[in-house]
Number of protein chains: 2
Amino acid sequence: MKAITDMSSRNYGQACSVARFLDQLGSRWTLLIVRDLLVGPRRFKELLANSPSMGPNLLTDRLRELQEQGIVRKVAAPGASATTYILTEQGLELEPVVLAIARWGMRYATVDESNPGASRPDLLVVAFRAAFLPERAKGVEEAYEFRIDDTIFFAQISDTVLHTGLGSATRPAFVLTTDSQTFDKIAAGTLDVIDAQERCLIDLSGDEQAFARFLDLFKGRGG
Amino acid sequence: MKAITDMSSRNYGQACSVARFLDQLGSRWTLLIVRDLLVGPRRFKELLANSPSMGPNLLTDRLRELQEQGIVRKVAAPGASATTYILTEQGLELEPVVLAIARWGMRYATVDESNPGASRPDLLVVAFRAAFLPERAKGVEEAYEFRIDDTIFFAQISDTVLHTGLGSATRPAFVLTTDSQTFDKIAAGTLDVIDAQERCLIDLSGDEQAFARFLDLFKGRGG
DNA sequence: CCGGATCCGTAACGATACTG
DNA sequence: CAGTATCGTTACGGATCCGG
């Protein structure tokens, strides 16, 4: 039995909207859970595997808080034991926050020895949204498919609006297959795309011109 | 004497840009310090007074971290003992993040008994930027001045771009004088502007039509 | 008086083991 | 698989004290 009136103790106690945001979402791991759920529905074990050092008790706490706040909802499919967590509408409205954070992080948060972890390809679904340059996509109407390591995801562009998600694209202009290491190096500017293509590190099947357009639509090192 | 190799211990250890952002700015009080510095230069004591429960030791730690990361710079004016803290260019680039956070907070983070603190008028300088609706400001070229409690600040609009800061406006279209309580109620939708004007809770001197335009340029309760 | 540094109690977190 | 229980560790909160 636990105290029911456990109303979040360590609040900032400021009337400011930024402080209130942080009262709800400022504690450790919380925004990373939201980030993971922006990719798609996730199960308890998946969230835990994404952030092993969090520990199951903390994940339980965070998910409970997020549910109480109306940001996350637990969805139980009847047949299987498929309890998954998804973002509510209010939770989906956190996407601008996460994308703004991702943009700053991509630009300024340096990669050093403290974050050695292998990058997770599924997070590219969110990273693409952050790196997208809408004004360059005027009139573009096409979809691309990516197969990085073992995850398949798509990017679909309809005249300045981008839609990304896990799974295959419908009628993709190209399908790009590679491993996450190679992709990371290209995104970081350490490796040139043409170079990687010549060295058979990436496989591109489809419209080469669409691939050139794609490269122009997202900001990597070269703007 | 302290350990020099104290490199931030509790990092997420993920390659994701969101995680790296939180490694640098995710600890308690950090983003609130950035928020305060977005208003303008601040002294140690001012930052401390804005968040009394932080304690001087934590403020010292946070300011040191922020300086090491190149987000904050300490500026010492030679004559007086005027050591103030300001944001570097990299720190100023955090504004989109803080504004996205503020927008979500304004919309969803409810005000309850846990954040009773009087709202600080100087933060309106940042709140205005978050609530600004650029598309409605096409062709507008004017400045407004506000005097809330004891702080004076301005909002200057030049065709979809807003500039706010502490201090007086140059040739303001109107000067609005009121107290923060009244202003908060109006912003929250609890009090109608016309009503407040009739009850002499706010004093408006200048162009009434400009005031109507102003109300349309920022999103309060009524969109 | 301002800009910190030191010290200590408490609450949050991290890791592992355990259970329906 | 989805959590709960337990416990050691770290970060935070509050107060007091120090040097220019």
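**Close-up 1. Helix α1 of chain A is mostly covered.** In this predicted model, α1(A) runs over residues 17–25, and nine of its nine residues are buried. Here that means each has under 20% relative accessible area. If you want to find them one by one, look for Ser17(A), Val18(A), Ala19(A), Arg20(A), Phe21(A), Leu22(A), Asp23(A), Gln24(A) and Leu25(A). What covers the buried residues of α1(A)? From chain A itself, the cover includes α2 (30–39), α4 (56–68) and α6 (95–108). Chain B helps out too, with its own α2 (30–39) and α6 (95–108).

**Close-up 2. Here α1(A) packs against α2(A).** The axes of these two helices are 9 Å apart and make an angle of about 80 degrees. An angle from 65 to 115 degrees counts as roughly perpendicular, so that is how α1(A) lies relative to α2(A). Which residues do the meeting? On the α1(A) side, you'll find Phe21(A), Gln24(A) and Leu25(A). Facing them from α2(A) are Thr30(A), Leu31(A) and Val34(A). Sort the residues of this contact by class and you get four nonpolar, two polar and no charged ones.

**Close-up 3. Three strands of chain A make an open sheet.** Read across the sheet and the order is β1-β3-β2, with antiparallel pairing. Strands of a sheet pair through backbone hydrogen bonds. Why do β1 (42–43) and β2 (72–77) of chain A each have one side without a neighbour in the sheet? Both stand at the edges, and each has a single partner strand, so one side is left free of sheet neighbours. Zoom in on β1(A) and β3(A) (residues 82–87), and you'll see an antiparallel pair joined over two bridges. In this pair, Arg43(A) stands opposite Thr84(A) in β3(A).

**Close-up 4. Two helices pack on the sheet of chain A.** Helix α2(A) touches β1, β2 and β3 of chain A, and its direction makes about 105 degrees with that of β3(A). Helix α4(A) touches β2 and β3 of chain A. For α4(A), the angle is taken with β2(A), and it comes to about 105 degrees.

**Close-up 5. Chain B can be laid on chain A.** Turn chain B by 180 degrees, with a shift of 0.0 Å along the axis, and it fits with an RMSD of 0.0 Å. The two copies are therefore related as by a two-fold rotation axis. Which residue of chain B comes closest to that axis? It's Val97(B), with its C-alpha at 3.1 Å. Of the interface residues of chain B, 98% are also interface residues in chain A, so the copies meet through the same surface.

Methods. Residues are numbered from 1 along each chain as its sequence is written. Chains are lettered from A and ligands numbered from 1 in the order in which they are written. This is a predicted model: local features need pLDDT of at least 70, side-chain atom pairs count only at pLDDT 80 or more; totals for chains, interfaces and linings use all residues. Side-chain values use heavy atoms; hydrogens and water are left out. Buried means under 20% relative accessible area, exposed over 50%, partly exposed in between (1.4 Å probe, protein chains only). Helices (H or I, at least four residues) and strands (E, at least two) are DSSP runs, numbered from the N terminus. Contact means heavy atoms within 4.5 Å. Copies are superposed by least squares on the C-alpha atoms of residues with pLDDT of at least 70 in both. Axes are lines fitted to C-alpha atoms, for helices over the stretch in contact, and angles run from 0 to 180 degrees between N-to-C directions. Angles under 35 degrees count as roughly parallel, over 145 as roughly antiparallel, 65 to 115 as roughly perpendicular and the rest as oblique. Ala, Val, Leu, Ile, Met, Phe, Trp, Tyr, Cys and Pro count as nonpolar, Asp, Glu, Lys and Arg as charged, and the others, Gly among them, as polar. Two strands pair if DSSP finds at least two bridges between them.
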